[in-house]
Every structure is written in C-alpha cells, then in structure tokens.
Amino acid sequence: CLTWWTGALAQPTAFLSATATDHPYRRGRWTVEQCRAWQEKYGPIRGINCPYPPCGAVSQKEALATCARIGYNSVRWWPGSWTGDVNVFIKSVEEWAGWGAEYGMTVSPVFGFIYSFFGSEGKEEDLQKMLVHVRQITSHFRGDDRIVMWDVCNEPPMHDAVLTPRWMDWIDATVEAMQEEGCTQPITASIVWDADLASCANTTDPLIKRRHQTEQRMDLHNFHCYNVQENFGQTTDAIVDRYARMDNRLLVCTECMTRTNGS
C-alpha cells in the first residue's frame, strides 16, 4: 500500500541545468518546489503492490480494474521477467501504464533487472551494461505522466560490510544516469527497509550512514514498514524523524500491509 507524509520542507536544493551536448536533458535532484508540484499534481497515492499471479485466477488487467473499482489509484510492480532484452521491460511498462490509464491508475515500476547484473561480484563491465539499459528506459519514458515514480532498487542489502557499500555505489550510478537522460518522473529507491526503532535511532553505524548518503540523492524518499500497526504508530513516527534528520523531503511508504503478520 502506498501513501505519504509531508512535514516541514527543507531549503531548496540547487537544480542543475546542463549545457553539455552529450546529455542535453540532464537535470539534478529535484528541488523542494518540484516535489511539491508533483504532490499537487497526483494527490494522495492509494496504491497496491500487484500480486503474482493475480488473485482469483484473473488477468493482470482485470486485477487492476478490480483495484480501481475499490478505490486504489496506483500500482507498483516488477515489469516482466528479465531476459536481457530491455525492450521486454519497456513493453511491460507500456502495457501496464496503458491498463492503468484506462482505469485511472498511475504506475510505479521497480528496476528488478539490477539484480541480474549485480550478481555476487558486481563487476564494472556489468554495471556499464546495466546503465545502458537504464538510459534506454529513461529516454523512452521521458515525459510520460502515467508513471508516478521510478523505484530503482528494491531492498538492497542493509548490513553487509561488502555488499551494502557496493550496492549503494550502483544505485548512485543509476540515479546519475537517469538524471543525465533527463528523467521527468521522481527517482526513488527502497533503501530503508530496516523499519525498527533501533535502526531508526542509530546514527553511528557506518553502513547506515552509507545508505543514508545514497538516500539523499533521491527526489522522493520511499520506505518499507510492515509494523505500522504496532505501538500506536511509534515505528512510523521514528521513520519520519529518521528522514527529517536527512532533509525532510516528501515520503512515500511503498510496502506496509500484509495479511501474514496482521498488519
């Protein structure tokens, strides 16, 4: 389920306009004003993470139609199965965006293919191959209002001394590539998914610091928290405070409810 909280806004971040001929559409991190305009344009997000396979043995399109009928207005999902062909990913986003538009829903695609390139070593040549696909996707959907935001990485390693910094480097590179290609939708990543009070209060762990550095490159912040129902929302309050210590931008909770834990 998707939603957002807004609090006091930080001072605007400088917007980078490009003059380089190799990246004529380049932009920087969104300003606070751009975030506010995005919020005003799309209004409250009431979203779902689309099930695989869809409930009740219906088609994906029928599942979205059902969701729209009961009041949802957005869907987050992992486009297609990665085959190495970026056109398969693009076709999946086009298909779902079309379904969403038909039923008054926006879409939020997740870059699941990043895992296929990272593997266990995360070699530089694999990163460069991945960034080629990122640029193609960004360029193809530049200006497409059906996409409410891009989630460029879902739940990267949090506390692994080797993998966590490496993943953050890759996410940094992904964000940079999307900015260079002039991505017109907000860029975000599901980096914060240690939604517990201890992690929220920890400001000295070097791996948490490294994750927060990458988090501060995002236009919008998005996080996962499946214990929003506990302690009268104390965990959610702690997460909001955790982000406020960074820059107090708009927050989107992209995973928060599941039947299996009673939330």
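## Helix α3, the nonpolar cores and the salt bridges

In α3, the buried residues are Val-86, Phe-89, Ile-90, Ser-92, Val-93, Trp-96, Ala-97, Trp-99 and Gly-100, as judged from a model that is predicted. These buried residues of α3 pack against α2, β3, β4 (106-109), α5 and β5. The helix α3 has 17 residues and reaches 25 Å from its first C-alpha to its last, which is close to the 24 Å expected at 1.5 Å a residue. At the start of α3, a side-chain oxygen of Asp-85 comes to within 2.9 Å of the backbone nitrogen of Asn-87, while just after the helix Gly-104 takes a positive phi of about 75°.

The largest nonpolar core has 43 residues, and those with the most contacts inside it are Phe-111, Met-130, Ile-137, Trp-150 and Ile-171. Two or more residues of this core come from each of the elements α2 (60-69), β3 (74-77), α3 (86-102), α4 (114-118), α5 (124-140), β5 (150-154), α6 (163-180) and β6 (187-190); α6 gives the most, with eight residues. Leaving aside neighbours within four places in sequence, Met-130 is in contact with Phe-113, Ile-114, Phe-117, Trp-170 and Thr-174. Apart from the largest core lies another core, of 12 residues, among them Ala-195, Leu-251, Cys-253 and Cys-256.

The structure also holds 20 salt bridges, including the three set out below.

| Salt bridge | Closest N to O distance |
|---|---|
| Lys-61 and Glu-102 | 3.3 Å |
| Glu-181 and Arg-135 | 2.8 Å |
| Arg-217 and Asp-172 | 3.7 Å |

Lys-61 lies in helix α2 and Glu-102 in helix α3, so this pair ties together parts that are 41 residues apart in sequence; Lys-61, at 29% relative accessibility, counts as partly exposed. Glu-181 lies in the loop between α6 and β6 and Arg-135 in helix α5, so their salt bridge ties together parts that are 46 residues apart in sequence. Of these two residues, Glu-181 is buried, with a relative accessible area of 15%, whereas Arg-135, at 24% relative accessibility, counts as partly exposed. Arg-217 lies in the loop between α8 (206-215) and β7 (221-224) and Asp-172 in helix α6, so this pair ties together parts that are 45 residues apart in sequence. Here Arg-217 is partly exposed, with a relative accessible area of 28%, and Asp-172 is buried, with a relative accessible area of 16%.

Arg-135, Glu-181, Asp-172 and Arg-217 are among the residues linked in a network of salt bridges, which also includes Arg-26, Asp-169, Glu-176, Glu-180 and Arg-210.

Key:
Residues numbered from 1 in each chain as written. Predicted model: local features only at pLDDT ≥ 70, side-chain atom pairs only at ≥ 80, totals over all residues. Heavy atoms only, no water. Core = buried A, V, L, I, M, F, W, Y, C linked by side-chain atoms within 4.5 Å. Buried < 20%, exposed > 50% of the residue type's maximum accessible area, 1.4 Å probe, protein only. Helix = DSSP H or I, 4+ residues; strand = E, 2+ residues; numbered from the N terminus. Contact = heavy atoms within 4.5 Å. Expected span 1.5 Å × (residues − 1). Polar contact = N/O pair within 3.5 Å; in protein donor to acceptor, adjacent residues only side chain to side chain. Salt bridge = Lys/Arg side-chain N within 4 Å of Asp/Glu carboxyl O.
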